Amino acid sequence: MTPGQRRRCFGLLRSAGDVWACVLEVNAWRRRRHDAPLVGFQELCRELSGSGPGTFAELDSVGARSVLRRFSDAWFAAAKRRSAGDVLARFPRRRRGLVPVRWYHGTFTLDGLRVRIPTAKGGAPLWVRLAREVPYPAGQVRSVTLLCEGGRLFLDVTAEVPIAVYPPGQEPDPTRVAGVDLGIIHPYAVAGPDGEGLLVSGRAIRAEHRMHLADTKSRRRAVARRAPKPGQKGSRRWRQYRRRVRLVEGRHRRRVRQAQHEAARTVVSWAVRQRVGVLHVGDPRGVLDLPAGRRHNLRLRQWQIGRLIQVLTDKAALAGITVRLVDERGTSSTCPACCRRVPKPRGRTLSCPHCAFSGHRDLVAAASIATRVPGGGSTTPAAVVLPEVVTHRRAGRHLPGAGRSRRDPRRPPGAARGSVGPRRPAPPPGGGESLAPTARIHNTHRKPGER
């Protein structure tokens, strides 16, 4: 876009921030007078209409109402969490400089790569050109949202997408259930009903988090001496450094988000080929409430369990597959053959010292999750179907170090040897998703003393 278009777009985001700040100030005044706060969408719209036209520069009434809707939803979500006993839930009381603005169907114009963003009455029309085409027909687009992330402007598109239609006899079967175990090394480990399994490797995603953290620490150490003191105005060099930090942080978030979408798409595509109609996903979000130290808490935050579940649910819904959350407690530390507790292994292989059972730890957990139902219920050993044929896939081929060189460019020269994954030959041009062929794992019972 031109400098003038960029200036006008940022002006709309700043005007939305002014609307947000005005709502906070009005509620602060009412709180000092011991009056009830204005949190309902209708009440806020009446207050907005009383401010008169032209109060928030080029921001039109539809965009301002979208900000009021965002504030109202945030307030009621916090109230619901507090009523449920979550004392850490906080009401929206922090000012924001840039607030996303949403326009609904009928208020904007989408013409190929050009979009007309609504402005206030009497202002010049604002046409912007997109970097790429919208992946949905114009008739399916229901809303567009203008937002800024990492110093870059984005247009978030919400469209109505129909559920996939399959030929007769190839649609997902509701009687075929697969279990999904969520993890860090393997974001998704799936155990199907016919002895089929799927392992999606997330080592490249984990390496991206580690290398980004190391790069951030080294950058901070390098500029620590140039940082302005508290209360001191920053220099131009400091503003450039802050801009660079925002760009790097935004790029890191986009890389990880893309890899998570690739992993979820791999699981849904595999489920469609296996005609799986129901996915039982183990919900491990209870571990987020357990304090495990500074380092492990950082790993749990980078895991992003809720986003993995949400992305998988959205893609499964489009494919006509039902996702159910079940309790996954004990699935990774219980032997499916004798139902006894097994010590946590150091690697990925679970070995039972009681019955000499051996198998992949994540796949064993996924097979046990497949037999559980929402709301509880015991797992019977006879119902657990362990995978015999396992398909290996890897998420995040676009990440640095996941290509042919297998080395992250952020890794300093002369550092310890290693990479984001095992050293394997590069895939042929345009061939497949995996570097490893379909493999079989040992999930059979062994007699004591056998290897």
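Two strands count as a pair here if DSSP finds at least two bridges between them. With that in hand, strand 3 and strand 4 qualify: they run antiparallel and are joined by four bridges. Keep in mind that this is a predicted model.

**The strands**

Strand 3 also has a partner in strand 2, residues 109–111, again antiparallel, this time over three bridges. Strand 2 and strand 3 make a hairpin with two residues between them, and G112 in that turn has a positive phi of about 65°. Elsewhere, strand 1 pairs with strand 5 in the antiparallel sense over four bridges.

Here is who sits across from whom:

| Residue | Opposite residue | Strand of the opposite residue |
|---|---|---|
| T109 | R116 | strand 3 |
| R114 | R129 | strand 4 |
| Y104 | S143 | strand 5 |

In a regular strand, side chains alternate between the two faces of the sheet. Strand 1 shows this nicely: V101 and W103 point to one face and are buried, while R102 and Y104 point to the other and are not. Strand 3 has a covered face made of V115 and I117, plus an uncovered one with R114 and R116.

**The core**

So what fills the largest nonpolar core? It has 34 residues, and L59, L68, W103 and I117 have the most contacts inside it. Helix 1 (3–32), helix 2 (41–49), helix 3 (61–83), strand 1 (101–104), strand 3 (114–117), strand 4 (126–129) and strand 5 (141–149) each supply at least two of its residues. Helix 1 gives the most, with nine.

Take L59 as a close-up. Leaving out residues up to four places away in sequence, L59 touches L12, S15, A16, V19, A64, V101 and A120. There is also a second, separate core of 32 residues, which includes A178, A259, I309 and A395.

**Helix 3**

Which residues of helix 3 are buried? They are G63, A64, S66, V67, L68, F71, S72 and A78. These buried residues pack against helix 1, helix 2 and strand 1.

The length of helix 3 can be checked too. At 1.5 Å a residue, its 23 residues should span 33 Å, and the end C-alpha atoms are 33 Å apart, so the two agree. Just after helix 3 comes G85, with a positive phi of about 105°.

Terms used: Residues are numbered from 1 along each chain as its sequence is written. This is a predicted model: local features need pLDDT of at least 70, side-chain atom pairs count only at pLDDT 80 or more; totals for chains, interfaces and linings use all residues. Side-chain values use heavy atoms; hydrogens and water are left out. A nonpolar core is a set of buried Ala, Val, Leu, Ile, Met, Phe, Trp, Tyr and Cys residues joined through side-chain atoms within 4.5 Å. Buried means under 20% relative accessible area, exposed over 50%, partly exposed in between (1.4 Å probe, protein chains only). Contact means heavy atoms within 4.5 Å. The expected span of a helix is 1.5 Å times one less than its number of residues.
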